Amino acid sequence: MARILAIAEQRDGALRRLSDEIVSAARTLAEAAGAEVDVLLAGPSGIGAAASGLAKFGAEKILVAESDTLKLYAPDVLSQLIADVAKNGDYVAIIFGASSIGKDLAPRVAAKLDAPLAADAVALEFDGGKVTVTRPVYAGRALARVSLDGKPGIVSIRPNVFRPQERPAGGAVEQVAVPAVESRVKVREVRTVAGAKLDVGEAPIVVSGGRGMKGPENWHMLEELRDALGHTCALGASRAVVDAGWRPHAEQVGQTGKTVAPQLYFAIGISGAMQHLAGIRSSRTVVAINKDPEAPIFKVADYGIVGDATEVVPRLTEELKKL
Amino acid sequence: MNIYVCIKRVPDTEARIKVAGNGTSIDTAGLKYVISPYDEFALEAAIRQKEAAGSGEVTVVTVGESNAAEQLRSALAMGADKAVLLKGQPTLDGLATARALAEEIRGAKPDLVLLGMKAVDDDQQQVGPMLAELLGLPCVTVVAEMEFEDGRVVCHREIEGGVEVVEAPLPAVVTLTKGKYEPRYPSLKGIMAAKKKPLEEKEAKLGEARVTVHSLQPPAEKAAGRIVGQGADAVPELVRLLREEAKVI
């Protein structure tokens, strides 16, 4: 039977939420292709304990690669490991997450295997024996449907698009050896930003602020709103406020920042430049708060409030806390 | 340092993108083109490194059609020393692009190869690490800031919710994101000088492209929403709608 390889992600020895989506997407494609899913779970010693969590999303086999050389991100080791597993497994497709890990590894693996790659898939099909991918181009201003004309077809999937679906499968665990290569690329340290564990590109709820917040000193209002929305919420920012130095680029939403697809997107004090609107187009529900009733953001918002963001936001936080 | 910078000609980020009649590409009529913004960060980083060292050479390379020479001239005007146009049809197959770049760069044995972390047209984010693999070099992606210390590059790589401080031995491939390297505007002197700098054209050795575009479509338009109300007094109704109608909180 044909097989599809899903690459699970972990950080600090814990599975990343995206892993459920990666396995679910692989399983959906496998059903279309009449194939089974193998999951590769690589990480530090003890990571194998997380394997059971992946079987329920449709992993027939879980390949566990444990080594303390994988405590910190080691791209040279991981890409060699994935390429080795892929060569032994005769896979029709390899599915990564379009995260800072998956987007870094997938091209390395594609080059090692001399296989075609499509990044940031929002839909997957198996068409005429080829992995076929729908993916945004021009920051979401157009959708391209492309076929991968080689085996394996390598794909990274956009976060929040493929919903985790429980479809239990065998989940037999098999140990695989971590290749004894030394990573030339070495992580010296990881500096985390307090309260920002979740990236704006991956969060199911995003609170984005723009010029209408009037200054960086008012950002505590958005932080309080984020906290009131719970642990699945991340902060975003418009290009204008990133360029003005109010917020870091990592939070920027739009064509020269992150493209997002959350369940709920708050555009607060953001008028809606074309490149910003393109970057939020796949969001399910958009809420806009802006003092200008003519702002383009209202054309794409499901719900809008016309008003001063610095007055509306504290009230919104207060109302949400009552829930 | 001998530095190579790979750039791409792309439509301006504020351009209105329309699908062409063939249904597989965009309508290019009237579009303004620029160097992909992330590639400008790479170019700026290369020029600053050369300036700081007081020596070295910056070569800019692109895969594109004849008109991509415009972007190469802009790069020369910013401060690159020479340019190479690898003539060929840009493709969504990043591996084909990486192959053409590797063919050109391999023999030059650069100390450092810089690229933008992605081109803002295809948004694939893959040519940099593919090129590194083909050249057999270490690679660090999505870097906001770099420092050089005896034979290594130390990079601040953006990850979800933080920064990884990553080191790699030179020669290496690094892809840049927005951060320390806000690109300069070319000076008049730079623009004049660029006209005399070497710009070589040759055929791109892309090989077979194995990513085929079958259709290109505009995304489904969202139906316009509604204004719930004015000011803070509209908040309770908004919260009710988010709970009961949209069911998202």
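Which residue in strand 15 of chain A is the bridge partner of A:I205? I would like to start from that small detail and work outwards, and I should say at once that what we are looking at is a predicted model. The partner of A:I205 is A:C233, and this pair belongs to a parallel pairing in which strand 14 of chain A, residues 205–209, is joined to strand 15 of chain A over five bridges.

Those two strands are part of something that reaches into the other chain. They sit in an open sheet of six strands, paired in parallel, whose order is 15(A)-14(A)-16(A)-17(A)-18(A)-13(B). At the edges stand strand 15 of chain A, residues 233–237, and strand 13 of chain B, and each of these has a single partner strand, so that one side of each is left without a neighbour in the sheet. From one strand to the next, the twist averages 20°. Across strands 14, 15 and 16 of chain A lies helix 5 of the same chain, residues 219–229, and its direction is at about 170° to that of strand 14 of chain A.

Where does this sheet pass from chain A to chain B? The crossing is made by strand 18 of chain A, residues 303–306, and strand 13 of chain B, residues 226–230, which run parallel and are joined by four bridges. If you want a place to look on the screen, find A:I305, which stands opposite B:G229 in strand 13 of chain B.

There is a second sheet with strands from both chains, and here the pairing is antiparallel: four strands form an open sheet in the order 8(A)-9(A)-10(A)-12(B). Strand 8 of chain A, residues 123–127, and strand 12 of chain B, residues 211–217, are at its edges with a single partner strand each, so one side of each has no neighbour in the sheet. Neighbouring strands in this sheet are turned against each other by 25° on average, ignoring direction. The link between the chains is made by strand 10 of chain A, residues 142–148, which runs antiparallel to strand 12 of chain B and is joined to it by six bridges; within that pairing, A:R145 stands opposite B:S215.

Stepping back to the interface as a whole, 74 residues of chain A are in contact with 72 residues of chain B. On the chain A side, the residues that touch chain B comprise 36 nonpolar, 14 polar and 24 charged ones. As for confidence, the model scores ipTM 0.95 and pTM 0.93, while chain B averages a pLDDT of 96, with 100% of its residues scoring at least 70.

Let me now turn to chain B by itself. This chain has six helices and 13 strands, its C-alpha atoms fill a box of roughly 65 × 45 × 40 Å along the principal axes, and 50% of its 249 residues count as buried. Among the contacts in chain B with a separation of 6 or more, 69% are between residues 24 or more positions apart.

Strand 1 of chain B, residues 2–7, has five of its six residues buried, so it is largely enclosed by the rest of the structure. Two parallel pairings involve this strand. One is with strand 4 of chain B, residues 57–64, through six bridges, where B:V5 stands opposite B:V60; another is with strand 6 of chain B, residues 112–116, over four bridges, where B:I3 stands opposite B:L112.

Two helices, one from each chain, are also worth a look. In chain B, helix 3, residues 94–106, reaches 17 Å from its first C-alpha to its last, close to the 18 Å expected at 1.5 Å a residue, and eleven of its 13 residues are buried, including B:L95, B:R99 and B:E104. In chain A, the 16 residues of helix 1, residues 18–33, should span 22 Å at 1.5 Å a residue, and the end C-alpha atoms are 23 Å apart, which agrees. Helix 1 of chain A is mostly covered too, with 14 of its 16 residues buried, and after the helix comes A:G34, whose phi is positive, near 65°.

I will finish with one residue of chain A, A:D243, which is found in helix 6, residues 239–243. Is A:D243 buried or partly exposed? This residue counts as partly exposed, because A:D243 has 15 C-beta neighbours inside 10 Å. From A:I157, A:D243 is 86 residues away in sequence and 29 Å away in space, taken from C-alpha to C-alpha.

Note on methods: Residues numbered from 1 in each chain as written. Chains lettered and ligands numbered in written order. Predicted model: local features only at pLDDT ≥ 70, side-chain atom pairs only at ≥ 80, totals over all residues. Contact = placed C-beta atoms within 7 Å. Nonpolar A, V, L, I, M, F, W, Y, C, P; charged D, E, K, R; others polar. Pairing = 2+ DSSP bridges. pLDDT = per-residue confidence, 0-100. Axes fitted to C-alpha atoms, helices over the stretch in contact; angles between N-to-C directions. Buried ≥ 20, exposed ≤ 12 C-beta atoms within 10 Å, placed from the backbone. Expected span 1.5 Å × (residues − 1).
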